[in-house]
Amino acid sequence: MKLLVTGAAGFIGSTFVRTVLDDRPGDEIVVLDKLTYAGRRENLAGLEDRIEFHVGAIEDRAAVRDAMAGCDAVVNFAAESHVDRSIAGEEGFAVTHVIGTTILLEAARELGVDRYLQVSTDEVYGSIEDGTFTEASPLDPSSPYSATKAAGDLLVSAHAHTYGLDAVICRGSNTYGPRQYPEKLIPLCVLNALADDPLPVYGDGRQVRNWLWVEDFARAIDVVLREGARGEVYNVGGPDELENIDVVRGILAACGRDESLIEYVRDRPGHDRRYSLSADKTRALGWEARVRFEEGLERTVAWYRQNEWWWEPIRSGEYREYYERQYGRALAG
Ligand code: NAD
Ligand code: TYD
């Protein structure tokens, strides 16, 4: 199979590429990535000879057609992925998630691609107080990030329905692990803890997230790509739900720091209280999560401790300015 993987220089896309090449060394991979602040070539280090890398945007029709020509399937990870950045300015989110997805879908149709997979998120369902979202739950997104992701999902369904495109959607819950850009809760707190910087907890810290180990999500996407039924949605909820404050305490313990580093800060506007996602339909395809949160967090902290070469340029670059804008204080160091 020859796969076009968009957004593969990011956190989950790069893990997916590694998973596919490990499991099926004969597969060919073409990458299309715009290399935003979150897209890093070093995420694919060691695989340079095994992939064809195109620097380009999914909203650029010519770049998309060039990269997609001859591919059997498309897996779209390309996204602006951070809720707080979407609250600060949503245009880039609309361009990538709505226009970009449209351009990809049109090209997939015109070039006769056999299968299109859209990577999406539990955030399109909004917040849930009790119970768990299934694939039948209505979409009720609450941030510009999740609203534009939901729009992308609806376009995928519309193309499947109207033009018969063989498309599937795979929605994951909060994902964590190596190579996640440090704007997200877990890597942000790990790096702050290691630097003895305060760990910013939004609001009362009692919001609940459903955590999924990145390699488990990557395997699920690959299973849905190969086994999922045309036109269907598959949810991939992780095995553990935790309050943010317990995640932060776990990070402090794993980093050997005490709770005096916790700092409660102003809440995120419109902050979703709880996410909870089913995985039964994906399990029925033969997938199972392998890594529980406690073990995954240990592995994540160990990876960040051992890979300063990866995060040091980030922490001393654009991220430093972002952090000051977002948190109103400078990072240590
Ligand atoms: P990320 O921010 O780490 O990576 C996004 C990648 O997309 C980067 O390499 C970036 O350069 C690229 N990109 C952005 N805009 C582009 C464009 N217009 N054209 C081409 N490339 C572009 O994100 P991630 O955490 O790896 O998320 C990947 C996908 O998984 C996203 O669709 C996201 O919505 C979804 N998802 C993420 C999570 C999570 O917890 N991180 C959970 C569920 C679903
Ligand atoms: P995040 O990693 O941004 O993922 P998402 O918003 O997609 O769930 O945030 C996870 C949770 O952690 C979310 O409830 C917001 C909270 N959070 C903080 O309390 N402090 C922070 O500095 C960040 C980035 C997030």
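This briefing walks through two ligand sites and two sheets in the structure above. Keep in mind that you're looking at a predicted model. Ligand 1 has 31 residues around it, while ligand 2 has 17. As for the sheets, one is an open sheet of 7 strands with parallel pairing, and the other is an open sheet of 3 strands with mixed pairing.

**Ligand 1: who's around it**

- Start by finding the residues that come closest to ligand 1: they are Asp 33, Glu 59, Ser 81, Tyr 145 and Lys 149.
- If you sort the shell around ligand 1 by class, you get 13 nonpolar, 14 polar and 4 charged residues.

**Ligand 1: polar contacts and cover**

- Thr 96 uses its side chain here: one of its polar side-chain atoms sits 2.9 Å from a nitrogen atom of ligand 1.
- With Ile 58 it's the backbone that takes part, as a backbone N or O atom of this residue lies 3.0 Å from a nitrogen atom of ligand 1.
- Leu 35 also joins in through its backbone, with a polar backbone atom 3.4 Å from an oxygen atom of ligand 1.
- On its own, ligand 1 would expose 840 Å², and the protein buries 97% of that.
- Several elements each give two or more residues to the shell around ligand 1, namely helix 1 (11–23), strand 5 (115–121), helix 5 (144–163) and strand 7 (174–176).
- Strand 5 supplies the largest share of that shell, with 3 residues.

**Ligand 2: who's around it**

- The residues that come nearest to ligand 2 are Glu 123, Arg 209, Arg 268, His 271 and Tyr 327.
- By class, the shell around ligand 2 splits into 7 nonpolar, 5 polar and 5 charged residues.
- Strand 8 (199–202) gives the most to this shell, putting in 3 residues.
- Two domains share the job: domain 1 (2–175 + 212–236) and domain 2 (177–209 + 241–269 + 294–327) each provide at least three residues of the shell around ligand 2.

**Ligand 2: polar contacts and cover**

- Glu 123 reaches ligand 2 with its side chain, placing a polar atom 2.4 Å from an oxygen atom of the ligand.
- His 271 has a polar side-chain atom 2.7 Å from an oxygen atom of ligand 2.
- For Pro 200, look at the backbone: a polar atom there is 2.8 Å from a nitrogen atom of ligand 2.
- Ligand 2 taken alone exposes 510 Å², of which the protein buries 97%.

**The sheet of 7 strands**

- Trace this parallel, open sheet across and you'll meet its strands in the order 3-2-1-4-5-6-10.
- Strand 3 (51–55) and strand 10 (233–236) are its edges, so to speak, each pairing on one side only.
- From one strand to the next, the twist averages 20 degrees.
- Strand 4 (73–76) and strand 5 pair in the parallel sense over 4 bridges.
- To spot where those strands line up, find Val 74, which stands opposite Tyr 116 in strand 5.

**The sheet of 3 strands**

- This open sheet runs in the order 7-9-11, and its pairing is mixed.
- Strand 7 and strand 11 (240–243) sit at the edges, and each pairs on one side only.
- Here the twist averages 45 degrees from one strand to the next.
- Strand 9 (208–213) and strand 11 pair in the antiparallel sense, over 4 bridges.
- Val 208 stands opposite Glu 243, a residue of strand 11.

How values were computed: Residues are numbered from 1 along each chain as its sequence is written. Chains are lettered from A and ligands numbered from 1 in the order in which they are written. This is a predicted model: local features need pLDDT of at least 70, side-chain atom pairs count only at pLDDT 80 or more; totals for chains, interfaces and linings use all residues. Side-chain values use heavy atoms; hydrogens and water are left out. A residue is near a molecule or strand if one of its heavy atoms lies within 4 Å of it. A polar contact is a pair of N or O atoms within 3.5 Å; within protein, one must be able to donate a hydrogen and the other to accept it, and residues adjacent in sequence count only if both atoms are side-chain atoms. Accessible areas come from the Shrake-Rupley method with a 1.4 Å probe; for residues, only the protein chains shown count as cover. Ala, Val, Leu, Ile, Met, Phe, Trp, Tyr, Cys and Pro count as nonpolar, Asp, Glu, Lys and Arg as charged, and the others, Gly among them, as polar. Domain bounds come from an automatic or database domain assignment. Two strands pair if DSSP finds at least two bridges between them. Axes are lines fitted to C-alpha atoms, for helices over the stretch in contact, and angles run from 0 to 180 degrees between N-to-C directions.
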